[in-house]
There are 2 protein chains.
Amino acid sequence: MPPRKSITLTEAELRLMKMLWVRGESAVSELVAAMPEGEALAYTSVLTTVRILEQKGYVRHRQEGRAFLYSPCVEEQEASRSEVRHMMQRFFGNSRERLLLSLLGDDEIDPEELQRLKEAIASAADDLNPTHGDDAAVNGAPGGLAARKVAL
Amino acid sequence: MPPRKSITLTEAELRLMKMLWVRGESAVSELVAAMPEGEALAYTSVLTTVRILEQKGYVRHRQEGRAFLYSPCVEEQEASRSEVRHMMQRFFGNSRERLLLSLLGDDEIDPEELQRLKEAIASAADDLNPTHGDDAAVNGAPGGLAARKVAL
DNA sequence: AACATAGTATAAATAAATTAGTAGGATTAA
DNA sequence: TTAATCCTACTAATTTATTTATACTATGTT
């Protein structure tokens with residue numbers, strides 16, 4: 001059985017999403033023009049990828065004159081969280097705690113940063129209001145994203 | 001330019017690595033036999049993947065009689081951390097703090113778990129001894145893994 | 001109206017990822 | 001010694017991911 005279609009963002013897809021998150025609604029030609037120096041892409045390359053993103057539910061488009069304007073319909077924060085959940089499943093038995101401890105236990109972390117993280121956690125934990133939905137709390141796979149799209 | 005060879009663990013690769021982390025040194029036939037019910041694989045399929053893993057530096061082999069015995073040469077913890085670093089680069093501008101806040105800010109988290117996480121962080125932060133190497137602190141890409149291989 | 005221009009749609013080419021079939025070599029069994 | 005068995009090596013088929021060329025369509029210009 002060959003590889004399944006990726007549910008998360010691939011490299012080319014993420015590159016485009018980052019541009020859309022920064023620029024907001026954009027025509028394909030604008031995305032092409034906004035490509036960073038040295039990694040220019042053909043118009044049709046961008047078009048193909050942005051259409052895949054639309055199939056995946058990450059962007060939508062509306063017509064303005066004869067051009068399509070694409071805009072993200074999944075926020076960067078939500079896409080990032082989907083990605084975190086995905087890797088939490090793959091590598092940490094779906095345990096936030098294990099992921100978190102791995103993050104803090106990294107050898108390459110220096111003491112000052114660790115201190116900053118502790119402070120950030122302390123203040124963040126207070127701000128977070130525990131209003132959470134009761135549906136589909138465990139998955140985090142494609143369903144997690146789809147369910148969220150409705151909520152947006 | 002077509003997709004670049006993946007530096008992180010693909011699905012089939014991770015599946016095998018998990019078995020090797022649990023079982024330790026194993027012959028290909030043993031891995032085939034140990035495959036979970038319903039996702040059996042042909043001998044050659046496992047062989048191909050484990051050879052890719054060897055190319056990537058995740059496993060090594062020695063000869064025992066006429067069979068090759070494969071054993072992991074990257075620990076699960078280290079592979080997981082490489083993966084975390086990779087996604088930290090892709091989605092969080094290489095900032096541990098941003099990843100951590102995203103993790104704690106997830107809507108689907110419930111108050112009790114948040115409390116558990118805070119406690120885990122508090123105790124973990126004390127235990128972590130700040131003895132960190134001074135080399136290659138920023139990368140986390142393929143180099144991060146390669147550099148670690150030497151240290152193991 | 002003829003022509004250039006700008007945009008989308010379709011098709012295709014390349015490489016990676018996954019799975020497996022077949023061939024060949026060595027060891028064991030009859 | 002011949003046959004069966006077990007293992008690796010090579011080859012291949014399929015799908016996804018990435019990129020682009022070509023064709024087609026509509027708008028605007030001369």
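**Protein around DNA strand C**

Me: Which element gives the most to the surface near DNA strand C, and how many residues is that?
Reply: α3(A), with 4 residues. Near means that a heavy atom of the residue lies within 4 Å of the strand. Helices (H or I, at least four residues) and strands (E, at least two) are DSSP runs, numbered from the N terminus.

Me: What kind of model and numbering is this?
Reply: This is a predicted model, where local features need pLDDT of at least 70, side-chain atom pairs count only at pLDDT 80 or more, and totals for chains, interfaces and linings use all residues. Residues are numbered from 1 along each chain as its sequence is written, chains are lettered from A and ligands numbered from 1 in the order in which they are written, and side-chain values use heavy atoms, without hydrogens and water.

Me: Which residues come nearest to DNA strand C?
Reply: Of 25 residues around the strand, M1(A), Y43(A), S6(B), T10(B) and T44(B) come nearest. Sugar and phosphate make up 74% of the atoms of DNA strand C within 4 Å of the protein.

Me: How far is F68(A) from a phosphate oxygen of DNA strand C?
Reply: A backbone N or O atom of F68(A) sits 2.9 Å from one. For A42(B), a polar backbone atom is 3.0 Å from a phosphate oxygen of the strand. S45(B) uses a polar side-chain atom, at 3.2 Å.

Me: New topic. Where is N94(A)?
Reply: In the loop between α4 (76–92) and α5 (96–104) of chain A. Its phi is near 65 degrees, a positive value in a residue other than glycine.

Key: A polar contact is a pair of N or O atoms within 3.5 Å; within protein, one must be able to donate a hydrogen and the other to accept it, and residues adjacent in sequence count only if both atoms are side-chain atoms.
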